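Colleague: Please take me through one part of this model in detail. I would like the charged pairs, with whatever surrounds them.

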Amino acid sequence: MTGIEMVQNMFRTGFLVRATHTLLTWVITLVLFLHNTDLRKCEERGELLLPILFFLVVVLSVLLYFAVSLMDPGFVLTDNVKGSDEEMESMIPQSSTPRLRRCGYCLLQQPMRAKHCQTCKRCVRRFDHHCPWIENCVGERNHRWFIVYLLVQLLALLWALHIALSGISPSITWELWFRVNGFLLAALAFVSIFSMVVLLLLGCHLYLVSINCTTWEFMSRHRISYLKNCGDEENPFDRGVLCNLWDFFCICRTVVWEQTYNDRSTTHSV
């Protein structure tokens, strides 16, 4: 294997992405602890509660990052979808339900709302998107954990932003000011950018979850067989905000979307 192939393989497996994220997280955390920030002042006064809490939030964000990054997002493994015979029967296409199709890449029968990911080279149930940040797909099995991760990550970033601002020291000249606060300003820039990105991501995903829609369905509605014939405001999977949120966060099971679609179509036709 050549050096170029080794580097390409490292990127393909996500090692460099995960290593960079982890290294950046701990470098910024170290900068916040070493500079004259609120964390450092609390340590000097012997008040360790806030530093320990902040450290635990950072650790939790890293653990959730790796959990979501390494978790099976809901890969379609075989034509025989895991589940009971009842589930399999309910997946038989009805007259009002678009016919299930075979993936043109892995040749497996795709359940409704599944899509083949060109990066992972697998079909993913209730496919949302492939996230280069975690180097994994976001799908049926890890989507809720992805949102939990975003919530914890946003908390850590906003807290870090407050801590970084508390450590900015005044100086006589601009040159001295940049020299004294250089590392803290760099950390502040990274944290500010990531905070905006995470806030935007979290807002978009919470909105889509509230209407029971995925990023892929939202962006490619006109090309998806089971949605392109629906009205612009019609979503066959939408059960109302509260039910959608409850189903998403509290029900941990494989959903047979063909049955949901068929039930909704039958209700509309009555």
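Modeller: Start with Glu47, which is partly exposed because its relative accessible area is 40%. This is a predicted model, so please read each value as computed. The partner of Glu47 is Arg45, and their side chains meet in a salt bridge at 3.2 Å, N to O. Arg45 counts as exposed, with 53% relative accessibility. The cut-off for exposed is over 50%. Arg45 therefore passes it at 53%. Glu47, at 40%, falls in between buried and exposed.

Why would such side chains pair at all? Side chains of opposite charge can do so when their charged atoms come close.

Now take Glu44 and Arg40. Their side chains also form a salt bridge, with N and O 3.7 Å apart. The limit for a salt bridge is within 4 Å. The 3.7 Å of Glu44 and Arg40 satisfies that limit. Both residues sit in helix α3, residues 38-44. They are 4 residues apart there, so about one helical turn separates them. Glu44 is exposed, at 58% relative accessibility. Arg40 is partly exposed, with a relative accessible area of 30%.

The pair of Glu140 and Arg125 has another setting. Their closest N and O atoms lie 3.1 Å apart, and the two residues form a salt bridge. Glu140 is in the loop between β6 (136-138) and α6 (143-166). Arg125 is in the loop between β4 (122-124) and β5 (129-131). The salt bridge therefore ties together parts that are 15 residues apart in sequence. How accessible is Glu140? Its relative accessibility is 14%, so Glu140 counts as buried. Arg125 is buried as well, at 10%. Buried means under 20%. Both Glu140 and Arg125 therefore meet that cut-off. In total, the structure holds 7 salt bridges, including the pairs described here.

Two other loop residues deserve a look, this time for their backbone. Arg113 has a positive phi of about 80 degrees, although it is not a glycine. Arg113 lies in the loop between β2 (109-110) and β3 (115-117). Its relative accessible area is 1%, so Arg113 is buried. Asn212 is not a glycine either, and it has a positive phi of about 55 degrees. Asn212 is found in the loop between α7 (174-210) and α8 (215-219). Asn212 is buried too, with a relative accessible area of 8%.

Next, a helix pair. Helix α2 (residues 15-34) packs with helix α4 (residues 49-70) at an angle of about 175 degrees, and their axes are 11 Å apart. That makes α2 roughly antiparallel to α4. The contact of α2 with α4 has 13 nonpolar, 5 polar and 1 charged residues. From α2, the residues taking part include Val17, Arg18, Trp26, Leu32 and Phe33. From α4, they include Pro51, Phe54, Phe55, Tyr65 and Leu70.

Last, the setting for these parts. The protein has 10 helices and 6 strands. Of its 270 residues, 41% are buried. Among contacts between residues at least 6 apart in sequence, 62% join residues at least 24 apart. The accessible surface comes to about 15,700 Å², and 66% of that belongs to carbon and sulfur atoms.

Key
Residues are numbered from 1 along each chain as its sequence is written. This is a predicted model: local features need pLDDT of at least 70, side-chain atom pairs count only at pLDDT 80 or more; totals for chains, interfaces and linings use all residues. Side-chain values use heavy atoms; hydrogens and water are left out. Axes are lines fitted to C-alpha atoms, for helices over the stretch in contact, and angles run from 0 to 180 degrees between N-to-C directions. Angles under 35 degrees count as roughly parallel, over 145 as roughly antiparallel, 65 to 115 as roughly perpendicular and the rest as oblique. Contact means heavy atoms within 4.5 Å. Ala, Val, Leu, Ile, Met, Phe, Trp, Tyr, Cys and Pro count as nonpolar, Asp, Glu, Lys and Arg as charged, and the others, Gly among them, as polar. Buried means under 20% relative accessible area, exposed over 50%, partly exposed in between (1.4 Å probe, protein chains only). Accessible areas come from the Shrake-Rupley method with a 1.4 Å probe; for residues, only the protein chains shown count as cover.
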